[in-house]
Amino acid sequence: MNKLVTLVLLVLFISCKKEKQTKEIALNLKEYTIEQFMDNEAVGGGSFSPDKSKLLVSSNRSGIYNMYTVPTTGGDFMPITASDSSSIFGISYFPNDGRMLYRADNNGDEIYHLYLRDIDSTITELTPDEGARASFYGWSHDGKSFMYGSNKRDKRYMDVYEMTIGNMSSELIYQNDEGYNFNAISSNKNLLALSKVINTNDSDIFIYNRTDKSLTKINENQSGNSAQDFTLNNKTLYYTTDDGAEFSYVMKYDIATEKKEKVLEKPWDINGIYFTHNEKYMVSFINEDAKNAIEILDMGSGENIELPDFQNGSITSVGLSRDETMMRMYVGGSNSPSNLFTYNLANKEQHQLTNVLNKDIDVNHLVTAKVIRYKSFDSLEIPAIYYLPHKASAEDKVPALVLVHGGPGGQSRQNFSSLTQYLVNHGYAVLAVNNRGSSGYGKTFYQMDDLNHGEKDLQDCVEGKNWLAAQPEIDADKIGIMGGSYGGYVTMAALTYTPEEFAVGVNLFGVTNWIRTLKSIPPWWESFKEALYKELGNPHTADSIRLHKISPLFHTDKVTKPLIVLQGATDPRVLQVESDEIVAGVRKNGVPVEYVLFEDEGHGFVKKENQIEAYSSILKFLDTYLKKENIPIDGEIPVKEMEAETAS
């Protein structure tokens, strides 16, 4: 038997075995409740304690996010905070002792404040200015202070402050009067890398010298630039740019000679790089077809270090200890929430610290996403991420949803989503489209929706529906559309401007009146406001005519298909009135409309009990109006009212 025949037989054997396994999963598939899906734990962050014995993390195991510590070799989570209202997110251990920094807002209003949790458990609010927003920018290299931004002086702009940790006193080190954004600071604290947004793709970058107050522009051409990190000797700035290219690559800039040199380039965007504390390694994050790829360069050898191989998952995030000997990693995929690991770089010892998937859920019953591409109306290739239920077949067709990401310039990623897997587990195919204007596919593709939102981007979603309808496993008459934020806008635009294309719509906190939304953006977005106006239109000019035309609120009489709307009352980006008014307008048509309002959520739902209510409401709606199962609906889904509480 020759090698070719042997190879063909082997391929056939593997294919038959895989097909048999797929059929077995479909036959034994369990349907899980939303409570079971939401019993998955979400863990984020991971700051090493000074002795590397523990990690400081955030977890929603209590129902909302709180801070915990966990031994770096594995063990029980130790609760550090016990808020039962506003979520708490751990930032970092102090460099040389057991104190901790964390941030919290008020039920999603995005007015973050910074807090100190002392060794004796005392909590001190470090940025108590009412109505002011604070952001942690990083520790000084000597570990004696940290940098943070605050808009307490001018609500429009984030000034840069240094807080000394000996007495927790702060000093203004850069007064931001022109709307610059902080990117990085040198180890001697004399140089600040700043950026100035031009439009949603392009930014200029500058180096500000605190000694002589000079401001030096680095880039020559208009392009997408982002400062990343200074070298330890304060002589070089590394930055990413797409100057002359479709995708972002890494450059280094010699501050004394002004010489530039390309350092790293990939056929995808390099989203960012940073140096570890003593510059032993450079960590790079590459957006590889909607999935993170991570490289760690040994600066001494010039070679990438070998990372652990996780057969059924990818490393999505890493962080290194201050002495550069240990690394924490998150590992997951589209069919598995990310687990936290530690890895000793010297002896290669690795420990899994979490098992976040609910033990009642068989991972084989979840669906692995597949990247597909389809042609839009003008032959432009549109990338999308496809989730097909295990039971779907030409003989057993399933309903489907086109899922639209937020943004506008966001990207649907190959990440785990409890909502997506819940819907797929209950028999819905999901196609997460990356319509023109999405990030990750080159700057030409990214800019294609500028000043034509609700037009060509919407047509890309319609063509996604057409692609679904052509699949033998999909019931072509039962395809809906769903999205959040900008995706919620596209959902409403689809029901308004293409009323016969989609059978139902699921709108999560979507923009419905662009004129109002663009006039009411939060004050701390001032540096980004002009860029938004260039992409979407200026509501104070003649652009308002077009903005009125593409705003679904003014055309609700065209909506004929069932709709569910979900909204957070404290949302500072898409105000509650957006959802209130679209619901009232569509109801005048006699169309089934359901409304779920959470008094204690902002732009997105982070509390487990609210997520359970939101996601179960979506499934009940879809089963009734898309799958059209005979499920009784007792009127509308009730508006949920909860007292807003302050963080403990």
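Visitor: Which residue of S8 stands opposite Tyr115?

Guide: Glu125 in S8 stands opposite Tyr115. Bear in mind as we look around that this is a predicted model.

Visitor: Why are strand S7 and S8 said to pair?

Guide: Pairing needs at least two bridges between two strands. Three bridges join S7 (residues 113-117) to S8, so the pair meets that rule. The two strands run antiparallel.

Visitor: What is the order of the strands in their sheet?

Guide: The order is S5-S6-S7-S8, an open sheet of four strands with antiparallel pairing. On average, neighbouring strands are turned by 30° against each other, direction ignored.

Visitor: What makes S5 and S8 the edge strands?

Guide: S5 (88-93) and S8 (123-125) each pair on one side only.

Visitor: Let's turn to the helices. What describes the way two of them pack?

Guide: Two packed helices are described by the angle between their axes and the distance between the axes. For H3 (residues 418-425) and H11 (residues 608-625), the axes come within 11 Å and cross at roughly 30°.

Visitor: Why is the crossing of H3 and H11 called right-handed?

Guide: A crossing has that name if the near helix is turned clockwise from the far one by less than a right angle. H3 passes H11 in this right-handed way.

Visitor: Which residues make the contact between H3 and H11?

Guide: H3 brings Leu419, Tyr422 and Leu423, while H11 brings Tyr615, Ser616, Ile618, Leu619 and Leu622. By class, seven are nonpolar, one is polar and none is charged. Ser616 is the polar one, because Leu, Ile and Tyr all count as nonpolar.

Visitor: Why does the largest cavity enter the count of cavities?

Guide: The count takes cavities of 30 Å³ or more. The largest cavity holds about 40 Å³ of space, and the count comes to one.

Visitor: What lines the largest cavity?

Guide: The lining is made by Leu29, His365, Leu366, Val367, Pro389, His390, Gln421, Val424 and Asn425. They divide into five nonpolar, four polar and no charged residues.

Visitor: And what can you tell me about the second largest pocket?

Guide: Its volume is about 710 Å³. The second largest pocket is lined by 27 residues, and Thr200, Asn201, Gly224, Ser226 and Ser248 lie nearest its centre. Strand S21 (269-275) is among the elements that give two or more residues to the lining; S21 gives the most, with three.

Visitor: Why does Gly224 belong to the polar class?

Guide: Gly is counted among the polar residues, so Gly224 falls in that class. The whole lining of the second largest pocket has four nonpolar, 18 polar and five charged residues.

Terms used: Residues numbered from 1 in each chain as written. Predicted model: local features only at pLDDT ≥ 70, side-chain atom pairs only at ≥ 80, totals over all residues. Heavy atoms only, no water. Axes fitted to C-alpha atoms, helices over the stretch in contact; angles between N-to-C directions. Contact = heavy atoms within 4.5 Å. 1 Å grid on protein atoms, 1.4 Å probe; cavity = no way out; pocket = protein on both sides within 12 Å on 5 of 7 lines; lining within 4 Å. Points joined across faces, edges and corners; volume = space filled by probe spheres on them.
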